[in-house]
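Dear colleague,

Please find below the structure that I am handing over to you. A short account of the findings follows it.

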Amino acid sequence: MAKKPRSQRRHNRKGGGGDDADDDNHLDADELPEDFTIAGSANSLSVWEGENDDDDGAEDLIGNSVSERGALAAAARRTKLGETLTLLDEFTTEKRSATRETRLRRIFKGLTQYVAGEASTELVWGCQESLRTACLYSLRAGSAAEQYAACRVLEATAVVLQGDQEEWIQSIAPVLHRTVQIASRAAVVRASALRAWALSVFIGSGEMEDTHAVLDVCEDVAQIIYRNEPVPTALRAAALDCWTLLATTLTEYAVAGNDDVSHGRGLTLLPLLKDCLESNETTSSLSSSSSSQLRTAAGECVALIHECRLSLSDDSGEKNTTERKFQQGSWEGTEWEVVMDEIRQSVSELAQQSGHYMSKKAKKAQRATFREYVATIVDDEAPEEVVAMRNEGSLTLTSWKEIVQLGFIRAALQGGLQIQLMTNETLRIMFGVQGGVKADGLSSLEKRLFFSKASEAAKEADRKLTKNRDKRERVKHHFLTADGEDM
C-alpha cells in the first residue's frame, strides 16, 4: 500500500491520540494562569451556549399576573436545574477531558443560579452521590482546568446543601487535602481545593476537630515553604482567606486571647502576616497581582484578629478611643505590641501607596481596601458594608466576621449570591436576612422582559402611541378627504 503524502499524514499528538485528542487545546498545569476563573477557558466558552436558555418560556410569563410570573419563574428554575443535573449521567465513562470540564461548568452554573427553595435543594440532595463521584473522578484523572472546575462545583455544592454535611465532608476531605499537598498541581487548582474544603467545613461541619484540622493546613500552606517546596503566592493568599473564614467560627479568646498557659491562634500568625503585608513583587504584572492578593488577604486577617482582640475588653460603660486603646484587650504592654505597630505602619502605607508597577485600577482598589483596614486596625473603628438586596431593601454588615463570611460566599457563588441569600435558610440565619422571596419579585431577566425599552409591553405601548398619533393627523387633515373614509 502506497504511503500517504506527508501533508495528509495524521500527526501523533503529545500523550497519544484517539479520545484524548480534544485535550490538546486544554491548559497544562504549568500553563494554567493564576487568574484563571470558572468561565476563563477559551475551550469552555461553549459551556455558556445555554446562557440565553433563560429566555426559553419567556413568552409564557408575559400576560400573567405578577404572582403567577413568580411561580412560573420558580418552576422554570427547577426544570433547568433538573436538566443540568442530568449531565452527571455516565460522567465517568466520558473519555474526553474537555467534555467533562464543560459539563462541570454547566453544573456550576446550575447550582449557583437555578437552586432556589426547598424543592430545588432536594434535587441536589438526591444527586449528591453523583456530584461527589464526578468531582472526585475529575480531581484524580482530569486536566488542570477540569480539576479547577470540579473544585468550584464542590464549593457551590457546600453552600447549596446547607444543613449537616458530616458524611459529605468526610468523603471529600482526603482528596482535597491531597490535592493541596501535591506541588505539581496548578496553583489555582490547589487554591480552589483548599477553598472548597474550608467552605464545606464552615457550612456543614459541627465538629471543631474538622475546623482546627483545616486551620492547621492553612497555617502551613501560608508559609513560604510547604513540604520542602516553595508555595505559590496565590495559594498563600487563598490559605489566609480560608484561615480567616474559619477563624470567624472560633471564640474571640481562641483567636486573639492570651494567658499564662496559652494564647490564641491569631497571635502566632501575626509575624507571618507582617511579612505578607511587606511583600512587594514588581517583576511582572502577574506577580504583582498575586502579591496584591496576598497583602489584601493578610490585611483582612489582621483586621479580624484586631477586632477579636478589642472584643475581649470589658464593654461596660461608654469609653472614648483613648480609653479603648489602653484598656484590657488592647495590644499595649504585650509581646505583640511591636509587631502590631509595624503592621499598622505597613497598612497605613498601603492605603496611600503609589507606583508605576501597578495599574491605576489596581492602585485605586488597593487604597480603597486598605483604608477600610486602617479604620479598624489603626483607628479602632467598626467596619460597615451595605449589600443591596433584590426586593428586600439592603443588608448592613457591621463586623469583620460578617464581612469575611459574606465575601467568601460571594466568591463561591458569584452571580448566585442574591438568590441564595433570599432562599438558603443557613445563609439567612447567618446574616440575619428577614422575610422570604416575595411573590412579586422579578429577576433581572423578567425585568428586562417587562420594563426595558425593548420589552413586548414597551413595543405595544409604542405601537399604540403611533396609532393614536396617526389618527390625530388624519382628523387634522380630514377636510382634505372626501367622505372621511380614512378615519
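Angles between axes under 35 degrees count as roughly parallel, over 145 as roughly antiparallel, 65 to 115 as roughly perpendicular and the rest as oblique. Axes are lines fitted to C-alpha atoms, for helices over the stretch in contact, and angles run from 0 to 180 degrees between N-to-C directions. Helices are DSSP runs (H or I, at least four residues), numbered from the N terminus.

This is a predicted model, in which local features need pLDDT of at least 70 and side-chain atom pairs count only at pLDDT 80 or more, while totals for chains, interfaces and linings use all residues. Residues are numbered from 1 along each chain as its sequence is written, and side-chain values use heavy atoms, with hydrogens and water left out.

The pLDDT (the predictor's confidence in each residue, from 0 to 100) averages 80 over the protein chain, and 74% of the residues score at least 70.

Helix α5 (residues 128–141) packs with α6 at about 155 degrees, the axes being 8 Å apart. The two helices, α5 and α6, are therefore roughly antiparallel. Among the residues in contact (heavy atoms within 4.5 Å) are Leu131 and Cys135 in α5, and Ala150 and Leu154 in α6.

Helix α3 (residues 97–113) also packs with α6 (residues 144–161): their axes come within 9 Å and cross at roughly 20 degrees. Hence α3 and α6 are roughly parallel to each other. Their meeting residues include Leu104 and Phe108 in α3, and Ala149 and Val153 in α6.

Yours sincerely
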